[in-house]
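Reader: I'd like a close look at one part of this protein, the largest pocket. Could you walk me through what lines it and what sits around it?

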Amino acid sequence: MRQARSTGSLAALQGENRILKARLAKLTSEVVRNDSILQKSQERELELLRAGSLADLLKILVRDLKSSYQLEAVVLALCDPQHEIRHLLCGDPIVEEHRREIQFVDRLQMLPPHAAGLERPWLGRYREEEHAVLFPGVKGLRSVALIPVRHNEAIEGVLMFGSADAARFGEDLATDFLTHLGLVSAVCVENGVNRARLLRSGFTDFLTNFYNRRYLQARLREELARAQRLGHTLALLMIDIDHFKQINDRFGHLAGDTVLREIAGRISAQMRTSDTGALFGGDEFAMLLHEGNVIDAERVAARVLQAVRARPIVLAADVEEVVGLSIGVAAAAPTPQSRDHQGLGERLIAAADAALYRAKHLGRNQVAVAETTVR
């Protein structure tokens, strides 16, 4: 009897021991997993802090995090009510490459309700009716993590992780490291925006808020390299204000400044977000058309001319002036063998400039097109 009890007690102790060992193994596994997550998080945070530009930072957030955490999808949505961030990133190939992963909204309320008002990370099961709009084109997701990106209310957004593993983002998972990642991301985005603003100020004309000649020439080299890589053409408009000196002589330089600002605004209204406008000289503007050909560029030039001629510019209380433009159009088609993009850019500017002077010679207030494509 006593032996039977001893045997039963031993079996019970062995059973408890097995349960305790299983719990210990589970806890050990969780510790190892958390240490791995923490190490990866620290490595990613260092990468974010070291990002050289705003575009590089966004690439790390959507591409490198996806690879590092072995996720099926990472999407970043940023609130950009004045379209400033979009403008700072305008035409950047990194942003274009990740159009689905980098989203901009005028208000966070444009996102689904449970993503717009986050105070802390939300983890849970993927629900098609709620989450499909957050992960466009992504199939097979089973769990998601929605992480608020916020710092002093200056930057607001949501970083969204999607996994095919239903248990990856369970409601019981600790969210401290995700909260920290969201805060670090917000600080880095804010710093990246500020750096981009500072950089842009060195490339911007203070009067018209258009880019300056230095920026246009740098941008032209980048776009020519991209056009060569993708087999596209690139178009350039050179735009000169007709009789601008007479306006300055008759009405003064303040009136001339008014004309420059107004024409810059009307040109800008005809530009796509991917196009680049610049004040090339004293009264000469340039417009670089991303993936544009001569036909497209001639149509844009006609719209610009019409927009400027459509109504007079108010120079003073009782003074209005209808202003005309002379516009030259040229296009470049880099060959696969092209290596001197700076030289090709200079030839494109020269071709558009020659067309511009032909428009002036033919009577001004019109568009002239270069006869051949620059190669």
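Author: Sort the residues lining the largest pocket by type and you get 19 nonpolar, 15 polar and 11 charged. Keep in mind that this is a predicted model. The lining comes to 45 residues, and the ones nearest the pocket's centre are Arg 86, His 87, Leu 88, Leu 89 and Cys 90. As for volume, the pocket has about 1200 Å³.

Who supplies the walls? At least two lining residues come from each of α2 (54-68), α3, α4 (93-97), β2 (102-105), α7 (176-201), α8 (213-230), α10 and β8 (276-279). The top contributor is α7, with 5 residues.

Now for a residue that touches one of those central ones. Asp 80 sits in the loop that runs between β1 (73-79) and α3 (84-88). Leaving out residues up to four places away in sequence, Asp 80 touches Ile 85, Arg 86, Phe 104, Val 105 and Asp 106. Its relative accessible area is just 3%, so Asp 80 counts as buried, the cut-off being under 20%.

Leu 89, from the centre of the pocket lining, also turns up in the largest nonpolar core. That core has 38 residues, and those touching the most other members are Leu 48, Leu 57, Leu 61, Leu 76, Leu 89, Leu 159 and Phe 161. Several elements each put at least two residues into this core, including α2, α3, α4, β2 and α7. Take Leu 57: beyond its neighbours within four places in sequence, Leu 57 is in contact with Leu 48, Ala 51, Cys 188 and Val 189. Apart from this core lies another, of 30 residues, among them Phe 210, Ile 239, Ala 264 and Val 300. In general, nonpolar side chains in soluble globular proteins tend to be buried together.

Ala 264 takes us to α10, another of the helices lining the pocket. Helix α10 covers residues 253-268, 16 residues in total, and spans 22 Å from first C-alpha to last, close to the 22 Å expected at 1.5 Å a residue. Its buried residues are Ala 255, Gly 256, Val 259, Leu 260, Ile 263, Ala 264, Arg 266 and Ile 267. Covering them are elements that include β7 (234-241), α9 (244-251), β9 (284-289), α11 (294-309), β10 (313-316) and β12 (325-332).

One last stop, back at α2: Gln 70 lies in the loop between α2 and β1. Gln 70 has a positive phi of about 55 degrees, although it isn't a glycine. With 63% relative accessibility, Gln 70 counts as exposed.

Technical notes: Residues are numbered from 1 along each chain as its sequence is written. This is a predicted model: local features need pLDDT of at least 70, side-chain atom pairs count only at pLDDT 80 or more; totals for chains, interfaces and linings use all residues. Side-chain values use heavy atoms; hydrogens and water are left out. Helices (H or I, at least four residues) and strands (E, at least two) are DSSP runs, numbered from the N terminus. Buried means under 20% relative accessible area, exposed over 50%, partly exposed in between (1.4 Å probe, protein chains only). Contact means heavy atoms within 4.5 Å. The expected span of a helix is 1.5 Å times one less than its number of residues. On a 1 Å grid over the protein atoms alone, a cavity is a set of points where a 1.4 Å probe fits but cannot get out, and a pocket is an open set with protein on both sides within 12 Å along at least five of seven lines; lining residues have an atom within 4 Å of a point. Grid points are joined across faces, edges and corners, and a volume is the space filled by probe spheres set on the points. Ala, Val, Leu, Ile, Met, Phe, Trp, Tyr, Cys and Pro count as nonpolar, Asp, Glu, Lys and Arg as charged, and the others, Gly among them, as polar. A nonpolar core is a set of buried Ala, Val, Leu, Ile, Met, Phe, Trp, Tyr and Cys residues joined through side-chain atoms within 4.5 Å.
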